[in-house]
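Fresh notebook page today. I wanted to look up the aromatic rings and then see how a pair of helices packs.

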Amino acid sequence: MGSNAGNPVKQRRAELKLTQQEAARRAEVALATWRRFENSAADAKGLKGFRASNLTGFARALKVKVDDLHNLVTGISVEPGATDDPFGMAAIIQLFNESFKGDPLTPADAMALSDTVDFSDFAPTEDGRLHLQHGFTGEFASYLKGEVTIREVELLCDLPEMVLTQVNDHWLVRMGERIMRIGSELNHGRVPRPVCLADEYALLLVITNSEPPQLGELAERYPDLLSAEDVFGSDPDIDEFEEDDFEIRTEWKDRMIVGLLPPDSSHDFRRYDLTIMDHYGQGVYDPSDSRHPLRWFDRDDLRARCESELEFVRLPKEQQEARTREALARMSMFFGTEPTSQDDR
């Protein structure tokens, strides 16, 4: 029991006479996820990196209410109706309410998508990139260390089978950064817009893994957040004669896909082709094929090249000539030849 001192989660687990494996099983999470949860105890931001379904599982395993889980983990009690807002929730709600007007996202829609990213392995860091040393200790880090398979990594495991068999860890890191970028855009009050196929798939993964605001716990956690009914005067995802959960999920996800993703025709049906090929167990083995996973980021490369060329043509003539001389000098060093000036041509 001495090793549990100062850790309220371990203490509570000991009171229930549960091992970590048993607690993880009751919470329906991986053992690595439960260990990360225990290690987050006494940290005011300790629950930030977990999905809502994880939090529900943790509360179930520890036999506490979800609302009381934060108090247990951090030791900070937030009384109902308190005027102080130690976690800045009011400012977050205000940002979403002012930024998302329903075309294409309502504040509740944006928060649902943001929570999916924030509670995943890809919680955004300040610079929008992955850093293993910055609390990045979930299943994806375990996968990179060879401790779990990609099938245990949420969101990424939903990529097409043909993709997962043809890419490497670096590619998956870049996909993780794409997922993080979506959360970062939303948390800055901006609608995430895909610029390449990788962005499209990242956004599709977030949408398909998000719980519609009508069915989740958003209304309880963010009581002042504007819903679809507040914005539109009615809820476009709920038929007044049919309120089946499956139908609500389908309608909401269809609305998100139509509103956020470009039509298939704008990318030459690449995403549609990939879906069909994956269904029939076919792969793309030619790296020059625009559908090959290695080409998913091509639009970023194209954009970077265009921006570089625009930057060059906007320079004064003297600076353009200086850069050209530098480039020729580097080429001559590489090929072992004498540099050729523009005047010699």
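Entry 1, the first ring pair. I am working with a predicted model. I began with burial and found both Phe37 and Phe58 buried. My search of the whole structure turned up seven aromatic pairs. Phe37 and Phe58 form one of them, a stacked pair with 4.0 Å centre to centre and 10° between the planes. I then checked where the two sit: Phe37 is in helix 3 (residues 31–39) and Phe58 in helix 4 (residues 52–62), so the pair links distant parts of the chain, 21 residues apart.

Entry 2, another pair. I looked up Tyr201 and Trp296 and got ring centres 4.6 Å apart with planes at 5°; planes under 30 degrees apart count as stacked, so this pair is stacked. Tyr201 belongs to helix 11 (residues 197–208), while Trp296 lies in the loop between helix 15 (270–279) and helix 16 (298–313), 95 residues apart. Tyr201 and Trp296 are each buried.

Entry 3, the surroundings. Following the ring pairs, I arrived at a cluster of Trp171, Tyr201, Trp296 and Phe297. I also noted Arg174 over the face of Phe297, 3.9 Å from the ring centre.

Entry 4, back to the helices. How do helix 3 and helix 4 pack? I got an angle of about 80° with the axes 12 Å apart, so helix 3 is roughly perpendicular to helix 4. From helix 3, Thr33, Trp34 and Phe37 make the contact; from helix 4, Asn54, Phe58, Ala61 and Leu62 do. I sorted the contact residues into five nonpolar, two polar and no charged.

How values were computed
Residues numbered from 1 in each chain as written. Predicted model: local features only at pLDDT ≥ 70, side-chain atom pairs only at ≥ 80, totals over all residues. Heavy atoms only, no water. Phe/Tyr/Trp six-rings, centres within 6.5 Å; stacked < 30°, edge-to-face > 60°. Buried < 20%, exposed > 50% of the residue type's maximum accessible area, 1.4 Å probe, protein only. Lys NZ or Arg CZ within 6 Å of the ring centre and 35° of its normal. Axes fitted to C-alpha atoms, helices over the stretch in contact; angles between N-to-C directions. Parallel < 35°, antiparallel > 145°, perpendicular 65-115°, else oblique. Contact = heavy atoms within 4.5 Å. Nonpolar A, V, L, I, M, F, W, Y, C, P; charged D, E, K, R; others polar.
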